[in-house]
Amino acid sequence: MKLVKTIATGVLLAGMSTASFAGGHGFKCKVSEDSMAKPGGFPDRALTMIVPYGPAGGSGQVASAMAKAVTELTSVDINRDHKPGGSGTVGMTAYMASPADGYNVLEHIDDASSAHALDSSKPNPGKDLIPLVISQVTFSQIYIRSNETRYNDWKSFVAWVKKQGGKATIANVSKEGSMERVSMKFITDATGMKIQQISFDKGAPRYGALMGGQVDALFEQPGDVKKFLDSGDFKPILTIFNERPKAFADVPTHVEMGMKFTPLLRFRGFYVNAKAPADRVKWLQWAFQRGYCQDSYQKFNDSKFMSVIDSYRDTDGAKTLINGAIKQYREVYKSMGMAVK
Amino acid sequence: MIENFLAGSSALFGDPITILIFVFGVIGGMLFGAIPGVSMLTLAAILLPFSAGLEPAQGVMLFAVIYCTGTYGGAITAILFNIPGAPENAPTAFDGYPMTKQGRAGKAVGAAVLCSAIGGTASALLMMAATEPLAKWAIRNIGPPEIFALVFFGLAVASSVGGNTIWKGWMSVLLGLLVATIGQDPVGGINRYNFGMTDLAAGIAFVPAILGFFAVSEIFIQAEKRAFGKYNAPKLDVNFPTFLELWRYKIAVIRSILVGFFCGILPGIGATLAAFMGYGEAVRWSKNKEAFGKGNLEGVISSETANNAATGAAMIPLLALGLPGGALTAIMVAVFQFHDMEPGPLVFYNSPELIWVVFAAMFYANVSILFIGLIETKTILQLLRIPFHFLAPMILMLASIGSYIGRGLVLDVIVMFLAGMIGFLLRRSGYSIPGIVLGIILGKIGEQNFAQGMQMVHYDLVAYLSRPICALLILAGAITLGTGVYRALASNRTGANQNQ
């Protein structure tokens, strides 16, 4: 509890307090230039985007949508090279070994920050890489089945879990040091409840486990379960975010439920090697930040609940977000007794 | 149902563009399925961006058709060259390739064509009849403990295939299970046996291992025979099995349809487990277990019926619940999303016409496997005429590309050649290559579900076994295992007495 309070007062993630609830309709592009001259003819061929996850998951889809948007804008093709495995480390290693000439870009998620927090020999996405844009930022929620009879809101859920003596279950991706595992530590520390986390690395079995009653609750981000929310199968009972997003105005936040920790966000973005030529980096920053504003990309983000809070961070905003996350993860890992290198 | 099916058929064949897309999917799936290492997934990944320009029903239908015909396509190379086009065709090679070596390739390919069509069509019919209730039943009753129990049962049943003795069969399976533990553990994400190599943290991929153990080791064996003047080219045979020959296996076909369909409706499992389970059940119920792995037509029939029976079934959790059953159905989720749709219960209410076009297309795709498959088979069998010194480098090249293309890692090509060398040595010693592959593929699925299941029951084995389906499958697996050990010991004793 003490640690959680310390973190809550000491570390603030960038943009948390200033997050604008833009929504799809109120979107305003923050990049004014519609075009930018190619520096020295760069790029004169297709870019390669290394994606450390499979094509069908959240990263694969955001990579596809951003590649499409950038190509629409610049007429430069982007070939996606999926290198899944090792929680993103395989793709990251392959990327760092590729030429730092600006032709190779990387898609990655907050796992890159948590991996560096645990082991500083792994690339720091805020220093070894230059974030071109963070294009998806989202929060997590706790979900239950809509037809659940044992509990129907957060308070009754906590009371029920406490009565089970540690036998209640929640599905998530609870790999060592993951955002989900750390967030669940915050929640269980703050509420005093004991709950068994069941780790599913793929979405379908995870959602199926809740739907079929194999687990009692689910930890997930709203965009990933949008179809189950639309169909009425799942309902959120807790939003892990400092304020209630308009789309979930009737769902209490963890702060309202007396939990005083700074929520960890899930974020996906695009990077280039910090050693790439500066003029090329500048062009890429423009292309990806302006690509974010393309109608096709905005439509994609809307369809994924990614405009519920401000999903956009330019390079500086992304660095602040990443550095804050690394600091926060590192402190939590130490408190969990994990070997931080 | 019949009215909806007719409406779907009418929409499918009433528009020339839709017909063209259907034909493209049928032929494309078969071709990509048949080229070693380059699977239907490769075609699906290439086509994904283009699907945005199609009508929603056309886009989803195209991928569903590729799924049906691609699952069949990999059987051809598995039978002719010991190169399964995809993991779900691996059990087909167990008996299919020995049949080719015995000059019975025509019968094996003919049976694969017919049984893929039967399995897929039956599955499509079951899918049309009962998508929603079946999906809901599976999701409520089958969780990680049951899936682990199913894997355990499958391993117990099929472990005896291919080894000289039951002990060598089990040693092979255990080696496969050991290989499956390389990489991050599926629950905690802890690295194991990667020796500091990042690429190994992602584990050993199925495709390079399969290509190495089957195709590369076979090339080494044939090269050795050639070097010592013992090489005999496979005899070309274009005789398909007769109706009476196939009728003998009707029970095996029905059993494999049921097994394949059951495996197919489990989210995240799909056709691979179906093929292994179908094959394993054929072994279990056979009076002549020793014949499997040595060119038994029933092995080909069971595997190919089961993997295609899983295709229709895998659409059930996808369409009814929005839960993809495997990699290709996961890509289909993206196709839905390109068109601002989400697969799940609402699709049945919002877009029933789309659902029935897809159902009808899958039905006709499976039927067309029979006709197109039989026509192409006579041509494909001519590949056996290619001399070994041309064929072997071609296979090695295709296998290397196929190994690399999945994850873009040189490691996978190295793994393929290592697996080839290990397979070459183990096959000479009477160990089972199918057993190793079985261990690698089922080991990963089994370990993940075992760990999840144990977490769910709070590491209480009694609670684990109190789940009826789980207990039944584990009991059946244990009995199978016990019976096998008893028979092996009894056989050893008889042999010893005879020697005295």
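**Exercise 1. Place helix α9 of chain A against its sheet.**

Helix α9 (residues 278-291) of chain A lies across β3 (104-109), β4 and β10 of chain A, at about 10° to β4(A). Helices (H or I, at least four residues) and strands (E, at least two) are DSSP runs, numbered from the N terminus. Axes are lines fitted to C-alpha atoms, for helices over the stretch in contact, and angles run from 0 to 180 degrees between N-to-C directions. Before going on, note that this is a predicted model: local features need pLDDT of at least 70, side-chain atom pairs count only at pLDDT 80 or more, and totals for chains, interfaces and linings use all residues. Residues are numbered from 1 along each chain as its sequence is written, while chains are lettered from A and ligands numbered from 1 in the order in which they are written.

*Step 1: the length.* α9(A) has 14 residues and spans 19 Å from its first C-alpha to its last, close to the 20 Å expected at 1.5 Å a residue; the expected span is 1.5 Å times one less than the number of residues.

*Step 2: the burial.* Val281(A), Trp283(A), Leu284(A) and Phe288(A) are among the buried residues of α9(A). A residue is buried if 20 or more other C-beta atoms, placed from the backbone, lie within 10 Å of its own, exposed if 12 or fewer, and partly exposed in between.

*Step 3: the cover.* The cover over these buried residues includes α2 (58-74), β3, β4, β10, α10 (295-303) and α11 (315-335) of chain A. Contact here requires C-beta atoms, placed from the backbone, to lie within 7 Å.

**Exercise 2. Work out the strand order of the sheet that holds β4 and β10 of chain A.**

*Step 1: the order.* The open sheet has five strands, β2-β1-β3-β10-β4 (chain A), and its pairing is mixed. Two strands pair if DSSP finds at least two bridges between them.

*Step 2: the edges.* β2 (78-82) and β4 (129-138) of chain A each pair on one side only. From one strand to the next, the twist averages 20°.

*Step 3: one pair in detail.* β4(A) and β10 (residues 266-273) of chain A run antiparallel and are joined by eight bridges. Within β10(A), Phe267(A) is the bridge partner of Val137(A).

**Exercise 3. Describe the sheet that contains β9 of chain A, then locate Pro236(A).**

*Step 1: the order.* Five strands make an open sheet, β7-β6-β8-β5-β9 (chain A), with mixed pairing. β7 and β9 of chain A are at the edges, each with a single partner strand, so one side of each has no neighbour in the sheet. The twist here averages 30° from one strand to the next.

*Step 2: an inner pair.* Three bridges link β5 (residues 140-145) to β8 (residues 217-220) of chain A, and the two run antiparallel. Tyr143(A) has Leu218(A) as its bridge partner in β8(A).

*Step 3: the residue.* Pro236(A) sits in β9 (residues 234-240) of chain A. Pro236(A) counts as buried because 21 C-beta neighbours lie inside 10 Å. Beyond four places in sequence, its contacts are Gln141(A), Ile142(A), Tyr143(A), Phe248(A) and Val251(A). The C-alpha atoms of Pro236(A) and Trp154(A) are separated by 8.9 Å, with the residues 82 apart along the chain.

**Exercise 4. Put chain A as a whole in perspective.**

*Step 1: the inventory.* Chain A has 11 helices and 10 strands.

*Step 2: the burial.* Of its 341 residues, 54% count as buried.

*Step 3: the box.* The C-alpha atoms of chain A fill roughly 65 × 45 × 35 Å along the principal axes.

Note on methods:
Two residues are in contact if their C-beta atoms, placed from the backbone, lie within 7 Å.
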